[in-house]
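This report covers cysteines, a ligand site and internal space in one model.

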Amino acid sequence: MSEDINKKHAPAAELSIILPTFNEAANVPILIDLLHKTLDGVDWEVIVVDDNSPDGTTEASRLIARKDPRVNVIRRIGRRGLSGACIEGMLASSADYVAVMDADLQHDETLLPKMLEQLRTGEFDLVAASRMAEGGSVGEGLSSLRAWGSNIANNLAQKLLKVSLSDPMSGFFMMRREKAEEIAPKLSAQGFKILLDIVSSFSGALRIKELPFTFRERQHGESKLDTLVTFDYFGLLLSKYFGNIVSVRFLMFGLVGASGLVVHLLALRGFLTFGGLDFNWSQTAASFVAMTTNFFLNNKLTYRDRRLRGLRALWGLLTFYAVCSVGVLANVGVANLVYEENTYWWFAGTAGAIMGAVWNYAASSSLTWRKNA
Ligand code: GDD
Ligand code: MN
């Protein structure tokens, strides 16, 4: 009993390792074993932040935590998202340093002592593990399509945000907890690009060191991030570029909307050429095609944390059609009004389109993807 009390009053560890998890029940125990081996001699702890995984990751982690005082578990309910989980984990720490790493064994844990060593010198605020720095590699861990997307994304981050990281998409880093605490209110909980978000939010005021590592292949379970989440990354880039005036979610919604325009035009062409429909019918049918692809893209990306499934998705699609139909009216109405005052067709057209997008966004976020639906 007295031992328990002492444990509760033990001073904070020097290093907290945040492990965001979703369906990693098979990986967490293996990783914690590896951490014990690698971090021998360091005062460390682990904070597992699990989003109520259906595979029982919380229970598996708690089982370890009941025996191992280094292990802590946060179970989040009704919330999904990698960045949000990392932020919550970092804010639960009172250590000198916090590290964020994937729980699926793709990140090389033997890098942790080296990262810690760099931070202890006091010369750096953050150490990032980079697959691109000399000596690092994406290994077998990334599909070629993703590696290609990742390349473009890195270049854009460097150009747009002036972030000088060789691998801004990396999800493996260690930093001074104070710095994490300081920037937390500015971070976007949505999405999965936590490192880029932190570094760009500090706009150059962070002393960064990069260490190379090889991204391992996943052994158990599956990746939650697919090629499409690259959208999410561009959303974050743009939102940071515009100084956080517009939310990442709205930008994502806008990007999906823009892709819908392309779909619409292709479908229209198709119905006119092969469908044997007249223009009005073709235009109507193309609108439904575009609204449908927009719905599924938004459901997959913009609202990945509130994703609708099964019958709910069907109902969601119907409400989305309804919302968008009103959106068309808002669009045309505003465009008309503006056109009366100002006869630049493109100005009126753009004003209408923006009005339509704002309406679609506002209405669909409270109707189709409402919180805790
Ligand atoms: N709590 C929580 N909630 N954890 C999550 C969620 C979520 O919604 N989604 C994913 N995770 C956890 C996973 O369980 C894993 O521990 C870690 O976050 C990374 O997820 P993966 O699904 O394995 O991502 P990946 O391997 O495809 O992507 C990795 O590489 C990218 C670079 O290509 C990650 O490290 C990314 O951060 C990185 O950008
Ligand atoms: Mn992974």
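## Cysteines

Cysteine 324 is buried, at a relative accessible area of 8%, and cysteine 86 is buried too, at 1%; buried means under 20% relative accessible area with a 1.4 Å probe and protein chains only. The count of disulfides, pairs of cysteine sulfur atoms within 2.5 Å, is 0.

## Basis of the values

This is a predicted model, in which local features need pLDDT of at least 70 and side-chain atom pairs pLDDT 80 or more, while totals for chains, interfaces and linings use all residues. Residues are numbered from 1 along each chain as written, chains are lettered from A and ligands numbered from 1 in written order, and side-chain values use heavy atoms, without hydrogens and water.

## Ligand 1

Around ligand 1 there are 27 residues, of which Asp102, Met169, Lys193, Ser223 and Lys224 come nearest; a residue counts if one of its heavy atoms lies within 4 Å.

Polar contacts are pairs of N or O atoms within 3.5 Å. An oxygen atom of ligand 1 lies 2.3 Å from a polar side-chain atom of lysine 193, and for glutamate 24 the side-chain distance to a ligand 1 oxygen is 2.6 Å. Proline 20 takes part through a backbone N or O atom, 2.9 Å from an oxygen of ligand 1. The protein buries 98% of the 740 Å² that ligand 1 exposes alone (Shrake-Rupley method, 1.4 Å probe).

## Internal space

There is 1 cavity of 30 Å³ or more, a cavity being a set of points on a 1 Å grid over the protein atoms alone where a 1.4 Å probe fits but cannot get out. The largest holds about 30 Å³, the volume being the space filled by probe spheres set on the points.

Lysine 193 also belongs to the lining of the largest cavity, with Asp197, Asp232 and Phe192 among the others; lining residues have an atom within 4 Å of a point. The lining divides into 3 nonpolar, 3 polar and 3 charged residues.

Note on methods: On a 1 Å grid over the protein atoms alone, a cavity is a set of points where a 1.4 Å probe fits but cannot get out, and a pocket is an open set with protein on both sides within 12 Å along at least five of seven lines; lining residues have an atom within 4 Å of a point. Ala, Val, Leu, Ile, Met, Phe, Trp, Tyr, Cys and Pro count as nonpolar, Asp, Glu, Lys and Arg as charged, and the others, Gly among them, as polar. Buried means under 20% relative accessible area, exposed over 50%, partly exposed in between (1.4 Å probe, protein chains only). A polar contact is a pair of N or O atoms within 3.5 Å; within protein, one must be able to donate a hydrogen and the other to accept it, and residues adjacent in sequence count only if both atoms are side-chain atoms.
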